[in-house]
Protein chains: 2
Amino acid sequence: MTKHTHDVSDLTKNQALVMNALSSANGPLSAYTILDELREHGFRAPLQVYRALDKLVEFGLVHRLESLNAFVACRHPSCEGESKEAVLFTICEKCGNVQELISESVVKSLKGLAEEIEFSLKESVIELRGICTDCKAA
Amino acid sequence: MTKHTHDVSDLTKNQALVMNALSSANGPLSAYTILDELREHGFRAPLQVYRALDKLVEFGLVHRLESLNAFVACRHPSCEGESKEAVLFTICEKCGNVQELISESVVKSLKGLAEEIEFSLKESVIELRGICTDCKAA
DNA sequence: ACAAATATGTAATAGTATTACAATAACAAT
DNA sequence: ATTGTTATTGTAATACTATTACATATTTGT
């Protein structure tokens, strides 16, 4: 890998297929859902999906939602690079809607805490579960 | 359930066995590891573990680590009640050590963010991945 | 004692992810 | 252009995590 940023043209065939499936979805997808969607494109085994996902996550183009065992395309064009400590998600437990955010104030308090306890922070998993605005209104 | 707090004497037989397995472990355990440890006490099926874990998590006596698919006994005596929005974990990717913390500053920024975007926060999943002090030293 | 609610036992199945091995394609350096 | 190297792909088998369904037993409240 010579470059440190990635766009679709950098991706291999399988990576591009998985990326496309996630980008055109309007929410998180499980690996096996992606597999089923890509069978018509020749996918036959879970590993084809997991390998592509591994790379896409590494590139910062895709995020894994730990509490959902699912994956979403990144909405922040700038997620590549050092933002693995900063991204957070809200997950509506009613409608399933997922929002991706970066909060400077959260990042700051998190990094402050890490420093305080001398923990060398590499990556943050922050998933806020609750009810979104729309569902509260309804 | 008439009371809102729980100690070991409130627990059923299976809940107490699972709680004890987690309490005497020095780190997170997977459900199936717990199952294996409790076979000698008569456990035979995953569901016996999962049902107990569900309750223990509900009581606030046990936390689930989403990024590890594992469970830990709560170290904060006060985790029962409204702290599901506040607890966070550091996970050392080298030695596997897990530390449970509550940071007022993190909680505050998180709640501030939730309010800002009108998200009704029920529960926070916060798992900080990195290298712990001991492993950095070594 | 009885009904209702809670807890348990067991089997089967569903969902998620990895290991192992073989083959192919991409690519840099001679 | 060939060779050696690395990255990617294909495929099968397996391991790990979690839930559904159904039967039985225990506890609790009246």
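1. Which residues lie nearest the centre of the second largest pocket? They are His63(A), Arg64(A), Glu123(A), Ser124(A) and Val125(A), out of 15 residues that line this pocket. The model is a predicted one, in which local features need pLDDT of at least 70 and side-chain atom pairs count only at pLDDT 80 or more, while totals for chains, interfaces and linings use all residues. Residues are numbered from 1 along each chain as its sequence is written, chains are lettered from A and ligands numbered from 1 in the order in which they are written, and side-chain values use heavy atoms, with hydrogens and water left out.

2. The second largest pocket holds about 260 Å³ of space. At least two lining residues come from each of β1 (62-65), β3 (87-92) and β5 (120-131) of chain A, and β5(A) has the largest share, 5 residues. By class the lining has 6 nonpolar, 3 polar and 6 charged residues. On a 1 Å grid over the protein atoms alone, a pocket is an open set of points where a 1.4 Å probe fits, with protein on both sides within 12 Å along at least five of seven lines; lining residues have an atom within 4 Å of a point. Grid points are joined across faces, edges and corners, and the volume is the space filled by probe spheres set on them.

3. The largest pocket has a volume of about 410 Å³. Its lining has 19 residues, and Val57(B), Arg64(B), Glu66(B), Glu123(B) and Val125(B) are the closest to the centre. Two or more residues each come from α3 (46-59), β1 (62-65), β3 (87-92) and β5 (120-131) of chain B. β5(B) gives the most, with 5 residues. Helices (H or I, at least four residues) and strands (E, at least two) are DSSP runs numbered from the N terminus. The lining divides into 8 nonpolar, 4 polar and 7 charged residues; Ala, Val, Leu, Ile, Met, Phe, Trp, Tyr, Cys and Pro count as nonpolar, Asp, Glu, Lys and Arg as charged, and the others, Gly among them, as polar.

4. DNA strand C is surrounded by 15 residues, the closest being Tyr32(A), Leu47(A), Arg64(A), Gln48(B) and Arg51(B); near means a heavy atom within 4 Å. Phosphate oxygens of strand C lie 2.9 Å from a polar side-chain atom of Tyr50(A), and 2.3 Å from an N or O atom in the side chain of Gln48(B). α3 (46-59) of chain A, with α1 (13-24) and α3 of chain B, each give two or more residues to this surface. The largest share, 4 residues, is from α3(B).

5. Around DNA strand D there are also 15 residues, of which Gln48(A), Arg51(A), Tyr32(B), Leu47(B) and Arg64(B) come nearest. A side-chain N or O atom of Tyr32(B) is 2.7 Å from a base nitrogen of strand D. A polar side-chain atom of Gln48(A) lies 2.3 Å from a phosphate oxygen of this strand. α3(A) gives the most to the surface near strand D, with 4 residues.

6. Between the chains, 31 residues of chain A are in contact (heavy atoms within 4.5 Å) with 31 residues of chain B. The buried area (accessible area, 1.4 Å probe, lost on putting the two parts together, summed over both) is about 2800 Å², with 65% from carbon and sulfur atoms. Phe119(A), Val125(A) and Leu128(A) supply 20% of the area that chain A buries against chain B, more than any other three residues.

How values were computed. A polar contact is a pair of N or O atoms within 3.5 Å; within protein, one must be able to donate a hydrogen and the other to accept it, and residues adjacent in sequence count only if both atoms are side-chain atoms.
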